[in-house]
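Thanks for coming. I will walk through one structure this morning, starting with a pair of helices and working outwards from there.

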Amino acid sequence: MRAPRGTGIAVRLAWALSGVSVALALATVPLIIANQNAPSMSYYGHFSVELAFVVLMLLLPTVGLIVTMRQRENAVGWILLVMAVSFGLSTFASDYATYAYFTSPGSLPGGTFMAWASSTWTWVPGYGLTAALFLLFPSGHLPSPRWRPALIGLALGVAALTIGYSFRPGPFDFPWNSLMNPYAPNGTLGDAMTWLYSIGNTISPVVLALSAASLLVRFRRARGVERQQLKWLAYAAGMLAAYLPFALIFVVIYPIPALILPISLLGIAIFAGIPIATGLAVLRYRLYDIDLLINRTLVYAATSAAIAAMFFVGIVALQALLRPLTNGSELAIAVSTLISFALFQPVRRRIQKTVDRRFDRSRYDAARTLDAFADRLRDEVNLDALREDLLVSVQQTMAPAHMSLWLREREVR
């Protein structure tokens, strides 16, 4: 059978984008290794964090290529591929400039250009395409034509931010803040670039919020498979949204040195969940596992938080009560730990019941029906009444289209 026109070009383009991003990621690894003892690291600040980011750079094109090969008409796969190239260029340019300026000054040509590229235009399209992913997921089309202005606004905002960021006068961002932008025009045109940067910086967050809102609108209208697809992306985005305030507080506002590295690694792992969830959803692989995943996440996150709170409160309270007896020993901590372990299962069961009642009503109602049937089963002696109870319980919990019950008669000898 003859392939549709354009299929060969699409395949070659997808492989080319994937190959470029993988090549950039692999080329970055030796630079990261060489820069690990540099006085100033690139944007990500730590050797292991940058290596973890390289794994993310390899994950994006892999998922994007798989999705594109299976559904070439779906824009989601292409978005992931272009995001991979954008982040790959930014990371490679950043580490190249780090080597050229800090690790071995003057050893590589084009250090200023790479510093300019890494701190201006290379990363903006990748983050802009994240908003486009929200707008077009999972079908590759907008929820409705009314969302077309949001997509146009996103394109204009990314273009304005990219151009303005690249050519505004002044110093680069950290760690290149000692370098002035050599490509910035002077006079009125330079002021226009600064103004364009401000416009793009204002539009982009608004469009990002609209893109997130489009997911909510699409979710309310979705049914069946599409609803499960949206749950996968919503789960990954929700994990990222829960992580960002935590990272902002303990890394940016009130930095704790001992937490910066694990929080950074955790952030990359959570961000990696977006392409993974996107690929699983678009390819419809194990779609309905997301309900169990959401349930377990809510239950164990809430349980862990409750146990941790009781643990720390127990330490403070028990230390105050036992200080005259323990003279500063570790008895309070030991007792608090034992109490926390003892409370784990009761707290988990209570939270599981609350989560099921609030977020998984069908499971909660089914569990209540089965519990009620078990209570009646202990006291029921009439076989016909028991049969009717069993059929009603199965109907309420499983809702089968047809149902019958066969009872084996005891042979009389």
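Helices α5 and α6 pack with their axes 10 Å apart, at an angle of about 175°. An angle over 145° counts as roughly antiparallel, so that is how α5 and α6 run relative to each other. I should say now that this is a predicted model.

Which residues make the contact between α5 and α6? On the α5 side there are Val124, Pro125, Gly128, Ala131, Ala132 and Leu135, and on the α6 side they meet Ala150, Leu151, Leu154, Val158, Leu161, Thr162 and Tyr165. By class, that contact has 11 nonpolar residues, two polar ones and no charged ones.

Stay with this region for the loop. Pro138 sits in the loop between α5, residues 124-136, and α6, residues 148-167. The peptide bond leading from Phe137 to Pro138 is cis, and its omega is near 0°. For context, most peptide bonds are trans.

Now to a residue that touches this loop from elsewhere in the chain. Arg218 belongs to helix α7, which covers residues 187-221. Is Arg218 buried or exposed? Its relative accessible area is 7%, and the cut-off for buried is under 20%, so Arg218 is buried. Setting aside residues up to four places away in sequence, Arg218 touches Leu135, Leu136, Phe137, Pro138, Ser139, His141, Leu142, Pro143, Glu226 and Leu230. Both residues of the cis peptide bond, Phe137 and Pro138, are among those that Arg218 touches. Leu135, which is part of the α5 contact with α6, is also touched by Arg218.

Another residue of α7 is Leu210. Leu210 is partly exposed, at 38% relative accessible area. What separates the C-alpha atoms of Leu210 and Leu154? The answer is 9.6 Å, for two residues 56 apart along the chain. Leu154 came up a moment ago as one of the α6 residues that meet α5.

Next, the helices earlier in the chain. Two packed helices are described by the angle between their axes and the distance between the axes. For α2, residues 47-70, and α3, the angle is about 155° and the axes are 8 Å apart. That makes α2 and α3 roughly antiparallel. The crossing of α2 past α3 is left-handed.

The list of residues here is long. From α2 there are Glu50, Phe53, Met57, Leu60, Pro61, Val63, Gly64, Leu65, Val67 and Thr68. They meet Gly77, Trp78, Leu80, Leu81, Met83, Ala84, Phe87, Gly88, Thr91 and Asp95 of α3. Sorted by class, the contact of α2 with α3 has 13 nonpolar, five polar and two charged residues.

Helix α3 has another partner. α3, residues 75-103, and α9, residues 257-282, have axes that come within 11 Å and cross at roughly 155°. These two are therefore roughly antiparallel as well, and α3 passes α9 in a left-handed crossing. Val76, Leu80 and Phe87 of α3 make this contact with Phe271, Pro275, Thr278 and Val282 of α9. Six of the contact residues are nonpolar, one is polar and none is charged. Note that Leu80 and Phe87 take part in the contact with α9 and are also in the list for α2.

Two residues of helix α8 come next. Helix α8 covers residues 224-253, and Ile249 lies in it. Ile249 counts as partly exposed, with 37% relative accessibility. Neighbours within four places aside, Ile249 is in contact with Tyr254 and Pro255. Phe246 is in α8 too, and at 38% relative accessibility Phe246 is partly exposed. The C-alpha atoms of Phe246 and Ile263 are 8.6 Å apart, with their positions 17 residues apart along the chain.

I will finish with the whole protein. How many helices and strands does the protein have? There are 13 helices and zero strands. Of its 413 residues, 38% count as buried. Among contacts with a separation of 6 or more, 70% come from residues 24 or more positions apart. The protein exposes about 23600 Å², and carbon and sulfur atoms supply 67% of that.

That is the tour. I will take questions now.

Key
Residues numbered from 1 in each chain as written. Predicted model: local features only at pLDDT ≥ 70, side-chain atom pairs only at ≥ 80, totals over all residues. Heavy atoms only, no water. Axes fitted to C-alpha atoms, helices over the stretch in contact; angles between N-to-C directions. Helix = DSSP H or I, 4+ residues; strand = E, 2+ residues; numbered from the N terminus. Parallel < 35°, antiparallel > 145°, perpendicular 65-115°, else oblique. Left-handed = near helix turned anticlockwise from the far one by under 90°. Contact = heavy atoms within 4.5 Å. Nonpolar A, V, L, I, M, F, W, Y, C, P; charged D, E, K, R; others polar. Buried < 20%, exposed > 50% of the residue type's maximum accessible area, 1.4 Å probe, protein only. Areas by Shrake-Rupley, 256 points an atom, 1.4 Å probe, with all protein chains shown as cover.
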